[in-house]
Amino acid sequence: MTSVTQSTREVTPTPTPEHPVNKARERIGDRVFSGLATGSGVTILLILAMVAGFLLVQAFPALATSPAELEAKGYGQFWSWILPFAWGTVYASFWALLMAVPVAIGIALFISHYAPRRLASSLGYVIDLLAAVPSVVFGLWGSMVLAPAVQPLYLWLNTYLGWIPFFSGQPSGTGRTLLTASIVLAVMILPIITSLSREVFLQTPVLHQEAALALGATRWEMIKMAVLPFGRAGIVSSVMLGLGRALGETMAVAMVLSGAPVITLEILTSQNPNTIAAVIAQNFPEAYGLKTNQLIAGGLTLFVITLVVNSIARLIVSRYKEFSGAN
Amino acid sequence: MKISSIGAPVALFAAAALTLSACAANETANPGTGASGTAAASTLAGKGASSMSAAQQKWIADYQAAHSGVTINYSPDGSGAGREAFISGAVQYAGSDRPFKDEELGKDKFGECTAESNALNLPIYVSPIAVIFNVDGVEELKLDPDTLAGIFAGTITKWNDPKIAATNDGVTLPDASITAVHRSDDSGTTNNFTDYLNQAAPKVWTEAASDTFPTAFGGEAAKGTSAVVDAVTTGKNTIGYADASAAKDLGHAQLKVGEQWLSPTAEAAAKIVDDSEVLPGRAEHDLALKLNRVSKDAYPAVLVSYALVCEIYKDANDAALVKGFIGYAASAEGQKAAAEAAGSAPLSSTMSAKVAAAIDSIK
């Protein structure tokens, strides 16, 4: 891009960063690019507002219809209808995070601090490749390969650890349970958390790390003292991005999970709480009349849940920033 | 290569313009499915049940090949969407897994029909629903209605339950839990299957027929026919229900009707349509059936889909097209084509003749 300044044979004094020279002739490129950038910024806000508006308008008939009328038409009251699915959405994401976060941070640390350089870069590519696999492929893999494969393990868990509420109940004969769906979700959010955490870990100031080593710290102690505190805010935001994907994931869950409108802690049975996104995907194609509005109101609920989760993430990130090793 | 100060933004603009126009081109090129309503005289729009989607595609292809200039669109958006579109007048015919109810019928209620015209329900697609199973060491399975209902209602939980063993002499049933798989999405298949259980085993199956599988009974859920077949195939000691043509590789249970054991064959399935009576109080040519699922020689778990049409169309061209097209679909030839393409059960010649007479009455 140096050619851009060369070709306009005009000598402008270098402006100091604090006091930009306003008189410098504005070039057409500057104007076009600033217009495009501002336009893009405005567009994203507009799109978000339009999505929210669409959800509100379309959901309104379902929310405004009296519960008695909804009951009479066989749709069920909205809140009792949505509650199990909201629970399923959050619960499945919880298990996915529980499995994905330790592994993802482990992989990220391995790539940034343990692996030989050549292996590290190729491993990074492989992880990023995982992010490019379409969710429908994960769904097929989950229902046709993973579910039958882990089913014996579920039987074992149920037989020997059945006293733990999570593993109790009658285990599914197909393996298409909430735990399977969570494993698929965990695999899907792994690359997001790994890539972001790895980038953050690589940003740790070398001086911090060398200082720790010079004080006689082992590598693990150095990571504990220098890398992890520095990356804490980054880890939290990467986890929240992963959580956002897990909450909204539709296709893979719809294909893997044997869902039902129940609220339960059990994760190995045939009757699992379905997720909002999967319920919409499963029922929208044949929905008509108020059912359509009810499903869109479900979408609105999911929108609100993700909004709340993101706000909490922001809060945590801004709080941790002050205590990170970066300052 | 040097980029001029203007070149870069211009190139970006050009790229953006190209992308945008490409999008726009896509939108217009997308063929309108069903919504074309009262466009050209030689265009017919239909919407409805996805169950007969494959058959509709075959009929449309055959009919358009035989009549150049005719365009027919059928969008398989579901029975409910089809009925709604037919009422509003967005389509000239609808496909539905159930006929219109009495309270839905009436004069001046349908967009494409004249004010004095009612709608007609014509059965044009019959398909047996197979009870599919995948149990270690079991090749053949015979189930009476109470047992089948018990399995899907979750009251019979083991394969070696005495009730299953009673009808399966000489078969070694494993001491394993039953995983009963049903549809997670709303479906006409579920409606007809639960209707059968409700009619044949009312003591065990206490819920009325419905598109949604009753959640009170539990069991495993899978989205769509293919996912149910898949779950039964890959799972262990599983049982499910699906369109017979979609589950050829799995074992099909024989169901008890009276003292007979029947498999989901095309002949046995078509028989139920002959043995069922038309709902009382309907118009002369309306063929909405009260399916008799306990009739001799007739396989009871059957899906019957209807074409919903007007008695009198506002537009004479529409009437002629509907008569031609639905007439072909219900003819012996059309039924044979659907059987080959979609694995449906052809209508018997008696029923085919009744439908043909009804179609002749359309104006």
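Which residue in β8(B) does Val181(B) stand opposite? Gly240(B) is the one. Keep in mind throughout that this is a predicted model.

**Strand β8 of chain B**

That pair belongs to a parallel match: strand β6 (residues 179-183) of chain B runs alongside β8(B) in the parallel sense, over three bridges. β8(B) has another partner in strand β4 (residues 119-134) of chain B, and here the pairing is antiparallel, with six bridges. In the antiparallel pairing, Ala130(B) sits opposite Ala242(B) of β8(B). As for general background, strands of a sheet pair through backbone hydrogen bonds, either parallel or antiparallel. β8(B) itself covers residues 238-243, and six of its six residues are buried, so call this strand mostly covered.

Here are the strand pairings of chain B that come up in this report, side by side.

| Strands paired | Sense | Bridges | Residues opposite each other |
|---|---|---|---|
| β4(B) and β8(B) | antiparallel | six | Ala130(B) and Ala242(B) |
| β6(B) and β8(B) | parallel | three | Val181(B) and Gly240(B) |
| β5(B) and β10(B) | parallel | two | Lys142(B) and Gln254(B) |

**The sheet with β10**

The last row of the table comes from an open sheet of three strands in chain B, ordered β5-β10-β11, with mixed pairing. Its edge strands are β5 (142-143) and β11 (260-262) of chain B, each of which pairs on one side only. β5(B) joins strand β10 (residues 254-257) of chain B in the parallel sense over two bridges. Look for Lys142(B) there: its bridge partner in β10(B) is Gln254(B).

**The loop after β8**

Follow the chain to the loop between β8 and β9 (251-252) of chain B and you will find Ser245(B). Is Ser245(B) buried or exposed? Neither outright: Ser245(B) counts as partly exposed, because it has 19 C-beta neighbours inside 10 Å, and a residue needs 20 or more to be buried. Leaving aside residues up to four places away in sequence, Ser245(B) touches Ala342(B) and Gly343(B). Gln56(B) is 189 residues from Ser245(B) in sequence, and the two are 16 Å apart in space, C-alpha to C-alpha.

**Chain B as a whole**

Stepping back, chain B has 11 helices and 14 strands. Of its 363 residues, 50% count as buried. Take the contacts in chain B with a separation of 6 or more: 70% of them join residues 24 or more positions apart.

**Two helix stories in chain B**

Helix α3 (residues 79-88) of chain B is mostly covered, with seven of its 10 residues buried. Those buried residues are Ser79(B), Gly80(B), Ala81(B), Gly82(B), Arg83(B), Ala85(B) and Phe86(B). What do the buried residues of α3(B) pack against? The list is β1 (43-48), β3 (93-96), α6 (188-200) and β14 (302-310) of chain B. Just after α3(B) comes Gly89(B), which takes a positive phi of about 90 degrees.

Further along, helix α9 (residues 316-330) and helix α11 (residues 349-360) of chain B pack with their axes 9 Å apart, at an angle of about 175 degrees. That angle makes α9(B) roughly antiparallel to α11(B). On the α9(B) side, Lys323(B), Ile326(B), Gly327(B) and Ala330(B) meet Ser352(B), Val355(B), Ala356(B) and Ile359(B) of α11(B). By class, this contact has five nonpolar, two polar and one charged residues.

**A helix pair in chain A**

Now over to chain A, where the axes of helix α7 (residues 178-202) and helix α9 (residues 219-248) come within 8 Å and cross at roughly 150 degrees. That makes α7(A) roughly antiparallel to α9(A). The crossing is right-handed. Among the residues making the contact are Leu185(A), Ile189(A) and Phe201(A) from α7(A), and Val227(A), Gly231(A) and Arg245(A) from α9(A). The contact of α7(A) with α9(A) has 13 nonpolar, five polar and one charged residues.

**Where the chains meet**

Finally, the two chains touch: 33 residues of chain A are in contact with 32 residues of chain B. On the chain A side, the elements giving two or more residues are α1 (2-7), α2 (28-64), α6 (135-161), α10 (251-256), β1 (259-260) and α11 (276-283) of chain A. α6(A) gives the most, with five residues. By class, this side of chain A has 13 nonpolar, 17 polar and three charged residues.

Methods. Residues numbered from 1 in each chain as written. Chains lettered and ligands numbered in written order. Predicted model: local features only at pLDDT ≥ 70, side-chain atom pairs only at ≥ 80, totals over all residues. Contact = placed C-beta atoms within 7 Å. Helix = DSSP H or I, 4+ residues; strand = E, 2+ residues; numbered from the N terminus. Nonpolar A, V, L, I, M, F, W, Y, C, P; charged D, E, K, R; others polar. Buried ≥ 20, exposed ≤ 12 C-beta atoms within 10 Å, placed from the backbone. Pairing = 2+ DSSP bridges. Axes fitted to C-alpha atoms, helices over the stretch in contact; angles between N-to-C directions. Parallel < 35°, antiparallel > 145°, perpendicular 65-115°, else oblique. Left-handed = near helix turned anticlockwise from the far one by under 90°.
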